[in-house]
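Open your viewer, keep the selection box handy, and follow along stop by stop. Each stop names what to select and then tells you what is there.

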Amino acid sequence: MTEPRPRSEPPDEGPAPPGGGTARDADENGPQEAELLRHLLHTPGYLKVLLLCALIGIPVSLAAFWFLVALHELEGVLWADLPAALGWDIPPWWWPLPLLLVAGAGVGLVVTHLRGAGGHVPASGLSTGGASSFALPGVVLAALASLPFGAVLGPEAPLIALGGGLALLFRDLAQAPATPQSTALLGAAGAAAAIAAIFGNPLIAAVLLMEVAGVGGPRLFAVMLPALLSSGVGSLVFTGLGRWTGLSTGNLSLHLPGPFPRLDVPDVAWAVLIAVALALVLHPLLVGARALGGYVAARPLVRTVLCALGAAVCAAGYALATGRSPVEVASSGQAAMAAMAGDPHAWGVGALIAVLLFKGAAYALCLGSLRGGPVFPALFLGAAAGVLLAPLPGLGVVPAMAAGMAAASATVLRLPVSSVVLVVLLLGSSAMMPVVILSAVVAFVVSELLPPGRRTAH
């Protein structure tokens, strides 16, 4: 027989929901949030913005397509066609020096003289905030000066700025009302439409933008719907343009030798260790890149040139040490990663160690000085680390690459959900999803527990 409960003790209301409060509070908040969402969807202004987002996805995807085509074609001319015309099968070891000198000077001039400084410093990570139409010329010129000339960066950050800025520009041209809500929603939608172009999938674009925005509840739906709608429309236009024109913007898919193996206990155990190791290595690299960004900001022209030349020396040193092409260091790594996935045995242990060291150093220098995005070099470094560690007992190439890419992208981006979705889409199969999720989460937690270092302003 139990004792009666004292009158002063409140009745048991069940476990407290996340974020504090009682279970009764959670039950009351659910209908409140649902009512807020219904109210939002019945707002005429929001529905007009949603329609505008769908329409904006068309011109933004057109601009993103031709922007990526220009980057891809110019890179091909500088790193393949021109050396071949001069009689070299691959670029000579010194080839990155003049090209990255041009890149450093070009970006330094843009940062010094144009509004918006060519976009934010890549070491700051991805961001959807601060999209503006006045910064578009600087963003485009800085990306054209950086990426085709050998910057160890990808095109995703300029695409986000390009999409957001164009969306706001089209709104102003259409003389639509400029409210804080429409600015935020149109900026996110334009960025999603543009980013879907490079990843080739509207899902990763929408997930990435939502995770970068860091919103929840009704605000999550407010951002999610325009981003999904605009990225879906943009992806349709982008795919149709590629088939119609026959032009290439770069292939993101990996062609791993199949069939995929079944995961076992050693794969999982090694994946955890790979994630911890990559987080411990890449986190200090990012801290150093952010500190370098502050150093470069004091004298942007001279110091941007010096950092670009430092990245060129890394690429030249790699070519001298290995006899391989310097483009394997002086590039985003997108094409090299696909080649590595298709034939991982073509890379010896020495070449893998050299590319990790030289490309890692060049990556840090470019993150703190030039303009571009951090995603593709991080994926390449993770893939190279996976191929290097694949001979460990019980570990295979595919699980090792999957773990490496997930851990590296989660460490660099601080976006574990987007990292999982991106790597699974790259692999083209969900067979490695347990290893991908585990590696992304472990790397994210380890990197968050480490000292953050100095934060570079966007």
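**Before you start**

This is a predicted model, in which local features need pLDDT of at least 70 and side-chain atom pairs count only at pLDDT 80 or more, while totals for chains, interfaces and linings use all residues. Residues are numbered from 1 along each chain as its sequence is written, and side-chain values use heavy atoms, with hydrogens and water left out.

**Stop 1: the whole chain**

Show the chain as a cartoon. You will find 16 helices and 0 strands. Helices here are DSSP runs of H or I with at least four residues, strands are runs of E with at least two, and both are numbered from the N terminus. Of the 458 residues in the chain, 50% are buried. Buried means under 20% relative accessible area, exposed means over 50%, and partly exposed is in between, using a 1.4 Å probe and protein chains only. Contact means heavy atoms within 4.5 Å. Among contacts between residues at least 6 apart in sequence, 80% join residues at least 24 apart.

**Stop 2: the largest core**

Select Leu-159, Ile-195, Phe-199, Tyr-363, Phe-380, Met-405 and Val-436, the residues with the most contacts inside the largest nonpolar core, which has 111 residues. A nonpolar core is a set of buried Ala, Val, Leu, Ile, Met, Phe, Trp, Tyr and Cys residues joined through side-chain atoms within 4.5 Å. Which helix gives the most to this core? Helix α6 (residues 180-199) does, with 12 residues. Now center on Ile-195: leaving aside neighbours within four places in sequence, Ile-195 is in contact with Glu-156, Leu-159, Ile-160, Ala-205, Leu-208 and Leu-209. Apart from the largest core lies another core, of 12 residues, including Ala-275, Ala-390, Val-442 and Ala-443.

**Stop 3: α12 against α13**

Select residues 349-367 for helix α12 and 375-389 for helix α13; these pack at an angle of about 155°, with their axes 10 Å apart. Axes are lines fitted to C-alpha atoms, for helices over the stretch in contact, and angles run from 0 to 180 degrees between N-to-C directions. The two helices are therefore roughly antiparallel to each other. On this scale, angles under 35 degrees count as roughly parallel, over 145 as roughly antiparallel, 65 to 115 as roughly perpendicular and the rest as oblique. The crossing of α12 and α13 is left-handed. A crossing is left-handed if the near helix is turned anticlockwise from the far one by less than a right angle, and right-handed if clockwise.

Show side chains where they meet: among them are Val-349, Leu-352 and Tyr-363 in α12, and Pro-377, Phe-380 and Leu-388 in α13. The contact of α12 with α13 divides into 14 nonpolar, 1 polar and 1 charged residues. Ala, Val, Leu, Ile, Met, Phe, Trp, Tyr, Cys and Pro count as nonpolar, Asp, Glu, Lys and Arg as charged, and the others, Gly among them, as polar.

**Stop 4: Lys-359**

Stay in helix α12 and pick Lys-359. Is Lys-359 buried or exposed? Lys-359 is buried, with a relative accessible area of 0%. Leaving aside neighbours within four places in sequence, its contacts include Val-152, Glu-328, Ser-331, Ser-332, Phe-380 and Leu-381. Draw a distance between the C-alpha atoms of Lys-359 and Phe-380, and you should read 9.4 Å for residues 21 apart along the chain.

**Stop 5: α11 joins α13**

Add residues 334-342, helix α11, whose axis comes within 9 Å of that of α13 and crosses at roughly 25°. These helices are therefore roughly parallel to each other, and their crossing is left-handed. Gln-334, Ala-336, Met-337 and Met-340 in α11 meet residues of α13 including Phe-376, Phe-380 and Val-387.

**Stop 6: α14 and α15**

Select residues 397-413 (α14) and 416-427 (α15): their axes come within 9 Å and cross at roughly 145°. This crossing is right-handed. The contact has 9 nonpolar, 2 polar and no charged residues.

Within α15, pick Leu-422, which counts as buried at 4% relative accessibility. Leu-422 touches Phe-199, Ile-204, Val-375 and Leu-379, not counting residues up to four places away in sequence.

**Last stop: Ser-439**

Finish in helix α16 (residues 433-449) with Ser-439, buried at 0% relative accessibility. Beyond residues up to four places away in sequence, Ser-439 touches Ala-271, Ala-275, Ala-403, Ala-406 and Ala-407.
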